[in-house]
Amino acid sequence: TKPELYEHLAKFRFKLEDAPSLPSPLIEKVLSEIDNDDLALALSDCSTSIVDYLMQEIAPKRRELLQSQIASYKGLPQEKRADAKANLTVKFREVML
């Protein structure tokens, strides 16, 4: 086995539910690079615990806006919300390692 490959492959196994295991600066970087609509749509398909965790990393004014957007996006088709969540996951993977 090649231990150095393990670190490179870890980013491909990352799921959004793993976000609490990431360092805050990395989370802040990803969240600052994604627009509100895409982020709210992605978060509308996440568990409450993940939404709450990620919201801690967001400035209060933006957090307030996102919370209202998330509530309104819950009624959208699950496929659309799942696609946004997958895109957010990819953004996290891109900045890892």
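Student: Let's start with helix α6. Which helices are included in what covers the buried residues of α6?

Tutor: Happy to begin there, keeping in mind that this is a predicted model. The buried residues of α6 are Arg 81, Ala 84, Lys 85, Leu 88, Thr 89 and Phe 92. Their cover includes α2 (24–33), α3 (36–43), α4 (48–55) and α5 (60–73).

Student: Why do the buried residues of α6 line one face of the helix?

Tutor: Take the buried set again, which runs from Arg 81 to Phe 92 and includes Ala 84 and Leu 88. Look down the axis of α6: these residues line one face because they fall within an arc of 140°.

Student: And which residues are exposed on the other side of α6?

Tutor: Good thing to ask next! The buried face includes Leu 88 and Thr 89. On the other side of α6, the exposed residues are Glu 79 and Glu 94.

Student: How far apart are the end C-alpha atoms of helix α6?

Tutor: Helix α6 covers residues 78–95, which is 18 residues. At 1.5 Å a residue, the helix should span 26 Å. The model agrees with that expectation, with the end C-alpha atoms apart by 26 Å.

Student: Lys 85 caught my eye. Is Lys 85 buried or exposed?

Tutor: Lys 85 sits in helix α6. Apart from neighbours within four places in sequence, its contacts are Leu 16, Glu 17, Ala 42, Asp 45 and Cys 46. Its relative accessible area is 17%, and buried means under 20%, so Lys 85 counts as buried.

Student: Now a loop residue. Which residues is Ser 44 in contact with, leaving aside its neighbours within four places in sequence?

Tutor: Ser 44 lies in the loop between α3 and α4. It is buried, with a relative accessible area of 2%. One of its contacts, Arg 81, is also among the buried residues of α6. With the sequence neighbours set aside, the full list is Ile 70, Tyr 73, Lys 74 and Arg 81.

Student: Stepping back, how many helices and strands does the protein chain have?

Tutor: Read the elements from the N terminus on and you get α-α-α-α-α-α. That gives six helices and zero strands.

Student: Among contacts with a separation of 6 or more, what share comes from residues 24 or more positions apart?

Tutor: Ser 44 offers a nice example, since its contacts include Ile 70 and Arg 81. For the protein chain, the share of such contacts is 82%.

Student: Last one: what percentage of the exposed area do carbon and sulfur atoms supply?

Tutor: Of the 97 residues, 35% count as buried. The protein chain exposes about 6,100 Å². Of that area, carbon and sulfur atoms supply 54%.

Definitions and conventions:
Residues are numbered from 1 along each chain as its sequence is written. This is a predicted model: local features need pLDDT of at least 70, side-chain atom pairs count only at pLDDT 80 or more; totals for chains, interfaces and linings use all residues. Side-chain values use heavy atoms; hydrogens and water are left out. Helices (H or I, at least four residues) and strands (E, at least two) are DSSP runs, numbered from the N terminus. The expected span of a helix is 1.5 Å times one less than its number of residues. Buried means under 20% relative accessible area, exposed over 50%, partly exposed in between (1.4 Å probe, protein chains only). The arc is that of the directions from the helix axis to the C-beta atoms. Contact means heavy atoms within 4.5 Å. Accessible areas come from the Shrake-Rupley method with a 1.4 Å probe; for residues, only the protein chains shown count as cover.
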